[in-house]
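Here are some short exercises to work through with the model open on your screen. Try each task by yourself before you read the solution.

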Amino acid sequence: MTKMRLGIIEYIDSAHYLPEHETCGIVHGHTYKIEIVLEGEKKENGMVMDFYEIKKTVRETLKNYDHRLLNDILPFPSAENICEHIHADLSEKLGYPLSVKVWEGHGKWCELNGLE
């Protein structure tokens with residue numbers, strides 16, 4: 001079978017601060033663009049996974065981060081730690097190898113690539 005990759009993009013708005021950081025140590029917010037790519041083999045139904053199911057699962061996970069102070073979730077909510085946290089949540093829920101890319105505003109991103 002041939003492996004295929006499926007991807008979706010979602011957005012969240014969240015506040016955070018980075019303790020003891022010179023410029024980011026005060027509370028501020030970002031619109032985060034979250035890119036999810038999963039990899040798997042096409043099933044008999046012609047799909048790796050239904051986009052509807054992917055989006056539903058991702059949205060359920062991201063609602064825990066949306067319009068929240070991320071410091072309530074992570075002690076140091078850097079882009080790297082946010083990406084790692086979301087990746088762990090979604091890897092368990094989606095059950096496929098996946099990549100998560102978190103864009104912090106424009107032009108800055110972190111990616112955790114668990115694809116082969």
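**Exercise 1. Find the residues that UniProt marks as "active site", then describe the setting of C24 and H67.**

Solution.

Step 1. Start with the record: the unreviewed UniProt entry places the feature "active site" at C24, H67 and E104. Keep in mind that the model in front of you is predicted, and that such annotations may be inferred rather than shown by experiment.

Step 2. Look for C24 in the loop between β1 and β2. Its relative accessible area is 24%, so C24 is partly exposed. Setting aside neighbours within four places in sequence, C24 is in contact with Y17 and L18.

Step 3. Move on to H67, in the loop between α1 and α2. With a relative accessible area of 63%, H67 is exposed. Not counting residues up to four places away in sequence, H67 touches D13 and S14.

**Exercise 2. Work out which backbone feature H67 shows in its phi angle, and examine E20 in the same way.**

Solution.

Step 1. Recall the background: most residues other than glycine have a negative phi.

Step 2. Check H67. Its phi is near 55°, a positive value in a residue other than glycine.

Step 3. Check E20. This residue is not a glycine either, yet it has a positive phi of about 65°. E20 sits in the loop between β1 (3-16) and β2, and it is exposed, with a relative accessible area of 85%.

Step 4. For a glycine, turn to G95, which takes a positive phi of about 75° just after α2.

**Exercise 3. Decide where the buried residues of α2 lie around its axis, on one side or on opposite sides.**

Solution.

Step 1. Trace the helix. α2 spans residues 79-94, 16 residues in total, and reaches 22 Å from its first C-alpha to its last, close to the 22 Å expected at 1.5 Å a residue.

Step 2. List the residues of α2 under 20% relative accessible area. The buried ones are A79, I82, C83, I86, H87, L90 and L94.

Step 3. Consider their directions. They cover an arc of only 130° around the axis, which puts them on the same side of α2. The general rule helps here: an α-helix has 3.6 residues a turn, so residues three or four places apart point the same way.

Step 4. Find what covers them. The cover includes β2 (28-41), α1 (51-62), β3 (98-104) and β4 (109-113).

**Exercise 4. Describe the largest nonpolar core and say which element gives it the largest share.**

Solution.

Step 1. The core has 26 residues, and those with the most contacts inside it are I34, I36, L38, I86, V100 and V102.

Step 2. The elements that give two or more residues to this core are β1, β2, α1, α2 and β3. The largest share, six residues, comes from α2.

Step 3. Take I36 as a sample. Beyond its neighbours within four places in sequence, I36 is in contact with L6, G7, I8, V58, L90, L94, S99 and V100.

**Exercise 5. Count the salt bridges, then find which residues share partners in one network.**

Solution.

Step 1. Begin with the principle: side chains of opposite charge can pair when their charged atoms come close. With a cut-off of 4 Å between nitrogen and oxygen, the count comes to four salt bridges.

Step 2. One of them joins R5 and E39, with the closest N and O atoms 3.0 Å apart. The pair links distant parts of the chain, R5 in strand β1 and E39 in strand β2, 34 residues apart. R5 is partly exposed at 46% relative accessibility, while E39 is buried at 8%.

Step 3. Next take E10 and K55, whose closest N and O atoms are 2.7 Å apart. E10 is in strand β1 and K55 in helix α1, 45 residues apart. E10 is buried, with a relative accessible area of 12%, whereas K55 is partly exposed at 25%.

Step 4. E10 also meets R59 in a salt bridge (3.1 Å, N to O). R59 lies in helix α1 and E10 in strand β1, so this pair ties together parts that are 49 residues apart in sequence. R59 is partly exposed, with a relative accessible area of 46%.

Step 5. Put the pairs together: salt bridges that share partners join E10, K55 and R59 into one network.

Technical notes. Residues numbered from 1 in each chain as written. Predicted model: local features only at pLDDT ≥ 70, side-chain atom pairs only at ≥ 80, totals over all residues. Heavy atoms only, no water. Helix = DSSP H or I, 4+ residues; strand = E, 2+ residues; numbered from the N terminus. Expected span 1.5 Å × (residues − 1). Buried < 20%, exposed > 50% of the residue type's maximum accessible area, 1.4 Å probe, protein only. Arc of directions from axis to C-beta. Contact = heavy atoms within 4.5 Å. Core = buried A, V, L, I, M, F, W, Y, C linked by side-chain atoms within 4.5 Å. Salt bridge = Lys/Arg side-chain N within 4 Å of Asp/Glu carboxyl O.
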